[in-house]
Amino acid sequence: MESMAAPLDISAKTDQMTIEILSHLSREIESPLTQIRESFEASLADRDHTLTLAHRDRLEAAHRPLLHLLRLANSLQEFSQLKSGQLQPTFAPTELAGLTTQLANNFRSVCEQAGLAFQVDCVPSSEEIYVDQQLWEKIVSHLISNAFKFTFSGKIHVCLRSARQQAELKIADTGIGISRSDTPNLFQKFHRVRDARARSTEGLGLGLALVHELVKLHGGTITCESTLGAGSTFTVVLPAGSRHLPKRHQKLTALPPTLTAAPNLHVEEAWRWVSPPVSFKPPENSSEDGEHLFRRLADTIPTMVWISGPTKKRTWFNKRWIDFVGHTIEELLGDGWSENVHPDDLHRYIQVCTAAYEAGAPFSMEYRLKRHDGIYRWLLVNGAPFRDSNGAVAGYIGSCMDITQQKSQEAALKEADVHKNEFLAMLAHELRNPLAPIRSAVEILNQQASTDPLLQN
């Protein structure tokens, strides 16, 4: 018996030592990474500090992989807390369809920017499902991020249904798929599918292992069905009610769907995969790459410039645009820029853009955009299509000019014209009243003149 127990004991001790190392490592690297990130973002957002274009390029190039390291540190910490029993969840009855829809829609813009169809189909249920909302956010975000990482065409489908005293979440993709030999090991820690085509080769193989542990913490199960070259479907099943959950971690009051205020690192990293940074390169033989040169030139002009792809999603903004609205470029990409458009102008803007994109024609219009100080300014936007080598519309490039002063002058001229008309009307009225009796008197004198000899002389 002792000879059989020894290997198990050694394995358990080794696993415990690994968890302790992960816990210590995650604490050691997460804090400095967070400080570095805050410093980077403060420098990039500082509108008064003069950064050279080369320095800004280098900061942006370093900022994006920093987000990846920070996500890895978070995963290490979460996994170590789970395995050591330090994680203290709070399970409460939750409107799971609404919460899952909100979480999934965080990925909509980046998926559409990548040319993927993104479907969310979450049906409300009469079943009472208990979840820890923050942990459920991690489960959904990990699975959608994983699907996006390995899907280059087709679609990602998020579906939630409830029946037979359980909730079932399915996240399906049309990605590269997983071989039969790898499928049984998907949820093991540090397992990575070798030589798989992916948007990024980075990672420790902890993501799906963490999801597996989080689902198990909810008393649920997770499985994967996959066909190599055709895609994968991950299915999470949670039992309804709360009998399967520890009472000390239960909260009986139902909670509305609430997302955490912290940035979703999975979404930010997905944007990094779609829009790789433009790195600074010193000139070679006195020439630079055309696109890089254009972007650097666009950052120096006093006009706001943007670029979009064939799906109408914005893919780039120049420095003038970013400074005007006071957001990071990651916040503006996709449809993020539209949040600053005046609500009364947004629908009209979308209609004009849609008609232009469908016709492959230029467009021009005036609209209001909220500046970084919260004040709406009038802009004149001109957009023109650019085409690929086959003549198809590959996207649009647009320029925006602040015409608030001109609009104010036009309004002032219109107001002056109104005042002028009002003045003339009032003057006519004031003159008409005294002229009426004078006219009458003249007519009487004319009548008397015809009969009175004295007046005739």
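This is a short walk through the fold of one protein chain, starting with the overall picture and then taking its two sheets in turn.

Okay, ground rules. We're looking at a predicted model, where local features need pLDDT of at least 70, side-chain atom pairs count only at pLDDT 80 or more, and totals for chains, interfaces and linings use all residues. Residues are numbered from 1 along each chain as its sequence is written, and side-chain values use heavy atoms, with hydrogens and water left out.

So, the overall picture. The chain has 13 helices and 12 strands; those are DSSP runs numbered from the N terminus, with helices being H or I of at least four residues and strands being E of at least two. Of its 457 residues, 37% count as buried, and buried here is under 20% relative accessible area, with exposed over 50% and partly exposed in between, using a 1.4 Å probe and protein chains only. Now contacts, meaning heavy atoms within 4.5 Å. If you take those with a separation of 6 or more, 66% come from residues 24 or more positions apart.

On to the sheet with β2 in it. Five strands? Yep: 5 strands make an open sheet, in the order β2-β4-β5-β7-β6, with mixed pairing. Two strands pair if DSSP finds at least two bridges between them. At the edges you'll find β2 (117–122) and β6 (221–227), each pairing on one side only. The twist averages 10 degrees from one strand to the next.

Let's go across it. β2 and β4 (residues 155–163) are parallel, with 6 bridges, and C122 has L160 of β4 as its bridge partner. β5 and β7 are antiparallel over 7 bridges, with K170 partnered by T235 in β7. β6 and β7 are also joined by 7 bridges in the antiparallel sense. Those two form a hairpin with 3 residues between them, and G229 in the turn has a positive phi of about 85 degrees.

Is β7 enclosed or open? 7 of its 9 residues are buried, so the rest of the structure largely encloses it.

Helices pack on this sheet, too. Angles run from 0 to 180 degrees between N-to-C directions, with axes as lines fitted to C-alpha atoms, for helices over the stretch in contact. Helix α3 (residues 96–105) lies across β2, β4 and β5 (166–173), at about 170 degrees to β2. Helix α5 lies across β2, β4, β5, β6 and β7 (231–239), at about 25 degrees to β5.

Next, the other sheet. This one is open as well, with 5 strands in the order β9-β8-β12-β11-β10 and antiparallel pairing. β9 (314–317) and β10 (363–370) are at the edges with a single partner strand each, so one side of each has no neighbour in the sheet. Here the twist averages 30 degrees from one strand to the next. Strands β8 (residues 304–308) and β12 (residues 393–402) are linked by 5 bridges, and M304 has C400 in β12 as its bridge partner. Helix α11 (residues 343–359) lies across β8, β9, β10, β11 (376–387) and β12, at about 150 degrees to β10.

Last stop, the core. A nonpolar core is a set of buried Ala, Val, Leu, Ile, Met, Phe, Trp, Tyr and Cys residues joined through side-chain atoms within 4.5 Å. The largest has 73 residues, and W136, W306, W321 and Y367 touch the most other members. Helix α5 (residues 133–149) gives the most to this core, with 8 residues.
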